[in-house]
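Here is a short report on one protein model. Look at the structure first, then read on.

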Amino acid sequence: MNTIPAALALTVALAAPVAAITPKRLAAIQQRAAAGNKLIAFVVEQDYYNPGCPTCIAEVDGNNKLIRRAVPNKGVIVVKLEEQDLKKDTVPACVAGAQGLPRLVITNADCSEVVDAIDVKADKARIAQLEEKVSAARGE
């Protein structure tokens, strides 16, 4: 019987790609955000530029962890994007135009304007400022 070892199955499950953003999925997210008075947080993580280098992997993992920590805990719907998604027409122009990887771009519910955007160089004061902007944009 051909079975996959448990460790390999876990590795495959963890390496599964994020579902690509489609116009239908984006429209549903925008509808949910508008109905719930929420903003949309687009998280674009950095890809490994040299998978054979342990130092490079640690650096990329650290950068991605910083961006994930910067995502506000309430009032946003999180959409994770792959770097390839930025090259497609399905991503809002205000998100695709932001520079740097990894990055966090928070938009209003219809994705017409950017509330705030940060990159990996954000410190605690900058993250607090981001949360204030999110609260102000939601009218809190």
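The report covers confidence, salt bridges and a pocket.

**Confidence**

This is a predicted model, in which local features need pLDDT of at least 70, side-chain atom pairs count only at pLDDT 80 or more, and totals for chains, interfaces and linings use all residues. Residues are numbered from 1 along each chain as its sequence is written, and side-chain values use heavy atoms, with hydrogens and water left out.

The protein averages a pLDDT (the predictor's confidence in each residue, from 0 to 100) of 84. A score of at least 70 is reached by 86% of the residues. Among the elements, strand S1 (residues 39–44) has the highest mean, 95. Helix H1 (residues 6–14) has the lowest, 41. Helices (H or I, at least four residues) and strands (E, at least two) are DSSP runs, numbered from the N terminus. Over residues 5–16, pLDDT stays under 50. For that stretch the model has one contact (heavy atoms within 4.5 Å) beyond four places in sequence.

**Salt bridges**

Side chains of opposite charge can pair when their charged atoms come close. The structure holds four salt bridges (a side-chain nitrogen of Lys or Arg within 4 Å of a carboxyl oxygen of Asp or Glu). The table gives three pairs, including their N to O distances.

| Pair | Closest N and O atoms |
|---|---|
| Glutamate 45 and arginine 68 | 2.6 Å |
| Lysine 88 and aspartate 85 | 3.6 Å |
| Arginine 126 and aspartate 116 | 2.8 Å |

Glutamate 45 and arginine 68 meet in a salt bridge. Glutamate 45 lies in the loop between S1 and H3 and arginine 68 in helix H3, so their pairing ties together parts 23 residues apart in sequence. Glutamate 45 is partly exposed, at 22% relative accessibility. Buried means under 20% relative accessible area, exposed over 50%, partly exposed in between (1.4 Å probe, protein chains only).

Aspartate 85 is buried, at 2%. Its partner lysine 88 is partly exposed, at 39%.

Arginine 126 in helix H5 (residues 124–138) pairs with aspartate 116 in strand S4 (residues 114–119), ten residues apart. Salt bridges that share partners join Asp116, Arg126 and Lys133 into one network.

**The largest pocket**

How much space lies in the largest pocket? About 260 Å³. A pocket is an open set of points on a 1 Å grid where a 1.4 Å probe fits, with protein on both sides within 12 Å along at least five of seven lines; lining residues have an atom within 4 Å of a point. Twelve residues line the largest pocket, and Glu45 is among those nearest its centre. Helix H3 gives the largest share of the lining, three residues.

Note on methods
Points joined across faces, edges and corners; volume = space filled by probe spheres on them.
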